[in-house]
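Here are some exercises to work through with the coordinates open beside you. Try each task before you read its solution.

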Number of protein chains: 2
Amino acid sequence: MNFNEAIRDQWRQQKHVCIGLDPFPEYLPNGITDLFEFNKAIIDATADLACCYKPQFAHYAALGKEHKLKETIHYIKKHYPSVPVILDSKRGDIGSTATMYAKEAFEQYAADAVTVNPYMGSDTVLPFSEFKDKGVIVLCRTSNPSASEFQNQSIEGEPLYIHVARKAQQDWNSNNNISLVVGATAPQEMKHIRSAAPKLPFLIPGIGAQGGDLKSTLINGRFSDGDGVMINSSRGIIYASKEKDFADAARRETEQLQLAINQNI
Amino acid sequence: MNFNEAIRDQWRQQKHVCIGLDPFPEYLPNGITDLFEFNKAIIDATADLACCYKPQFAHYAALGKEHKLKETIHYIKKHYPSVPVILDSKRGDIGSTATMYAKEAFEQYAADAVTVNPYMGSDTVLPFSEFKDKGVIVLCRTSNPSASEFQNQSIEGEPLYIHVARKAQQDWNSNNNISLVVGATAPQEMKHIRSAAPKLPFLIPGIGAQGGDLKSTLINGRFSDGDGVMINSSRGIIYASKEKDFADAARRETEQLQLAINQNI
C-alpha cells in the first residue's frame with residue numbers, strides 16, 4: 001500500500017485532518033522544553049483522529065534538533081503505523097541530487113511522503129516518484145501572500161499553477177503517488193486546479209490563522225465524489241493551550257475540525 | 001563585508017572558480033572513506049585558488065552525515081576565512097519558516113550564502129536577505145534538461161526566468177546581497193538575464209560534464225566591465241583522480257579552469 005492508498009484508507013474512516021508538528025520553543029506549554037516530548041504528547045492524544053502528521057523540517061533544523069524530528073517520525077511509525085507522515089521540507093533539486101533528497105526523507109527520516117518544489121521541472125519530481133511506496137506532494141498554488149507573484153502569472157492563457165497541476169496529473173503520476181499543495185487562501189484557484197487535476201489528493205494549508213474558509217475549501221477542493229483533501233492545521237491544534245491540558249486541547253481542536261469537515265464533505 | 005563584497009574581493013584577485021564539494025562515497029579516492037577527510041584534502045590543496053566553495057546539502061543528508069558538512073564549513077571558516085562558503089540546499093519556504101531555514105544555513109551550518117527557490121514569491125526570499133552579511137542566491141534559469149518546462153514559459157512576452165531576474169534586481173536586492181543561479185547550458189537565456197539584471201553576480205553550474213561552453217558563458221554572463229561570475233565545477237575538480245594524488249589533481253584542474261576563465265573574462 002503506497003502513501004496515496006494509505007491516505008484513501010484514512011479518508012474512508014472520515015479522517016481528513018493533517019496535523020502540522022511545527023514546534024516553536026517559545027510557544028511550548030509551560031514546563032515542556034523537549035521537542036520530542038511535546039510532539040509525543042500531541043501524537044498520543046490525536047493519533048486515532050489524524051489523517052496524517054506533517055512535521056516541518058526547518059523548525060528542527062534551525063535549532064540543530066534534526067534528531068528530535070527523526071525521533072518523532074520513528075515514534076509515529078512504531079506506535080501508529082496506519083497514520084502516514086509527510087516530511088514538509090519542500091526539496092527541489094535534480095537527477096542524482098533529487099534521489100539523495102528522496103533518501104534523506106524516506107530513508108534517513110523514514111517519512112512516507114515529502115513536499116517538493118517544481119520550479120526546476122520534471123527532473124525534480126520524477127526521482128522522488130520512483131519511490132513507488134512513497135508520496136510526492138508538489139507545490140502547486142501555495143497559501144502565502146506572495147504566492148501569486150509567479151504562480152498566478154498567465155502562460156498561454158492559463159496560470160503557471162495550472163501548468164504545474166496538469167503536468168503532475170498527466171506526466172508525473174504514473175506510480176499513483178503524486179499529490180498537490182493547494183492553499184485554502186485562494187478558493188478560485190483551488191476550484192481551477194481541481195478541474196485540471198481531478199484525481200490528485202490536495203494537501204491544504206491556510207485554514208484558520210491564514211484566513212482560508214473551510215466550507216468553500218471543501219466545495220472547491222474535494223473529489224467529485226467526496227474526500228480528496230488533507231486539511232492541515234498546525235498552530236490551531238498544537239498550541240490550543242499553553243497549560244498542562246495542551247494535549248487534551250489539541251485533541252478537542254482536532255475533533256472540532258474533523259466534525260466541521262464531515263459536515264461539508 | 002557581506003557575501004557579495006567578499007566575492008568581489010575574490011574577483012579582484014582573479015578568482016572565479018566555485019568548487020562544488022559534493023562527495024559521492026562510491027567515487028571517493030582509493031583508501032578514503034571519510035567525507036570530511038576527503039573535503040579537507042581538496043580544500044587544503046585549492047583554498048588559495050578558489051573563489052568560493054559550494055557544498056551540496058543532499059550529498060550529506062542522504063547519508064545522515066550532516067555533521068561532516070558542518071565540520072567542512074567550520075574548517076574553511078577557521079583556516080581560510082577569506083573564501084566564502086555557499087550552502088547549496090535550494091531552500092524555499094515562507095515567512096517565519098524561511099527565517100528558520102536562514103538560521104539553519106547561517107547559524108547551524110555557518111555558511112556565508114545559501115541557494116533559494118523563488119517559486120513561492122518574495123515571501124521566500126526576503127526573510128533570507130534580511131541577514132545583511134549573508135548572500136542569497138536565487139534559482140533563476142537552472143542548468144538541468146527540464147529547466148525550460150516552467151522557467152522558459154512566456155509571461156506577457158517574457159520568460160518566467162526574466163520575471164524572476166527582474167524581481168531579484170529591483171525588489172529583493174536592497175541589502176546588496178542577492179545573486180542568481182544561471183546555468184551554462186542555456187547561453188541565450190544567460191545573455192537575456194544579464195541584460196535584465198546587470199549588477200547581480202551569477203553562480204553558474206553546467207560547465208563541463210553538463211555541456212556548457214566556457215567562452216560563451218563568460219561573454220554572456222560577465223558584467224559589462226568584467227567579472228560577475230562564479231563558475232562552478234564539482235566532479236571535474238574533486239574527482240580528477242581516484243588515486244593518492246587526488247588533491248594535487250584537484251588543484252591542477254582548478255588552475256586550468258581559472259586560466260581558461262582569465263583568458264576570456
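Contact here means heavy atoms within 4.5 Å. This is a predicted model, in which local features need pLDDT of at least 70 and side-chain atom pairs count only at pLDDT 80 or more, while totals for chains, interfaces and linings use all residues. Residues are numbered from 1 along each chain as its sequence is written, chains are lettered from A and ligands numbered from 1 in the order in which they are written, and side-chain values use heavy atoms, with hydrogens and water left out.

**Exercise 1. Find how many residues each chain gives to the contact, and how much area is buried.**

Step 1: chain A brings 53 residues to the contact, and chain B brings 53 residues.
Step 2: take buried area as the accessible area (1.4 Å probe) that two parts lose on being put together, summed over both. For chain A and chain B this comes to about 4,300 Å², with 58% of it on carbon and sulfur atoms.
Step 3: look for the main contributors. A:Met100, A:Tyr119 and A:Phe150 account for 20% of the area that chain A buries against chain B, more than any other three residues.

**Exercise 2. Work out how chain A is related to chain B.**

Step 1: superpose the copies by least squares on the C-alpha atoms of residues with pLDDT of at least 70 in both. A turn of 180° and a shift of 0.0 Å along the axis lay chain A on chain B with an RMSD of 0.0 Å.
Step 2: the two copies are thus related as by a two-fold rotation axis.
Step 3: compare the surfaces. Of the interface residues of chain A, 100% are also interface residues in chain B, so the copies meet through the same surface.

**Exercise 3. Characterise the polar side of the interface and the elements behind it.**

Step 1: count polar contacts, pairs of N or O atoms within 3.5 Å; within protein, one must be able to donate a hydrogen and the other to accept it, and residues adjacent in sequence count only if both atoms are side-chain atoms. Between chain A and chain B there are 26 residue pairs in polar contact (both at pLDDT 80 or more).
Step 2: assign elements, using DSSP runs numbered from the N terminus: helices (H or I, at least four residues) and strands (E, at least two). Among the elements that give two or more residues to the side of chain A that touches chain B are α5 (95-108), α6 (122-129) and α8 (160-170) of chain A. The largest share, seven residues, comes from α5(A).

**Exercise 4. Trace the salt-bridge network that includes A:Lys90.**

Step 1: apply the rule for a salt bridge, a side-chain nitrogen of Lys or Arg within 4 Å of a carboxyl oxygen of Asp or Glu. Over all chains there are 28 salt bridges, and two cross the interface of chain A and chain B.
Step 2: start at A:Lys90, which pairs with B:Asp93, the closest N and O atoms being 2.7 Å apart.
Step 3: add A:Lys54 and A:Asp88, whose side chains meet at 2.9 Å, N to O. A:Lys54 lies in strand β2 (residues 52-55) and A:Asp88 in strand β3 of chain A, so the pair ties together parts that are 34 residues apart in sequence.
Step 4: join the pieces. A:Lys54, A:Asp88, A:Lys90 and B:Asp93 are linked in a network of salt bridges.
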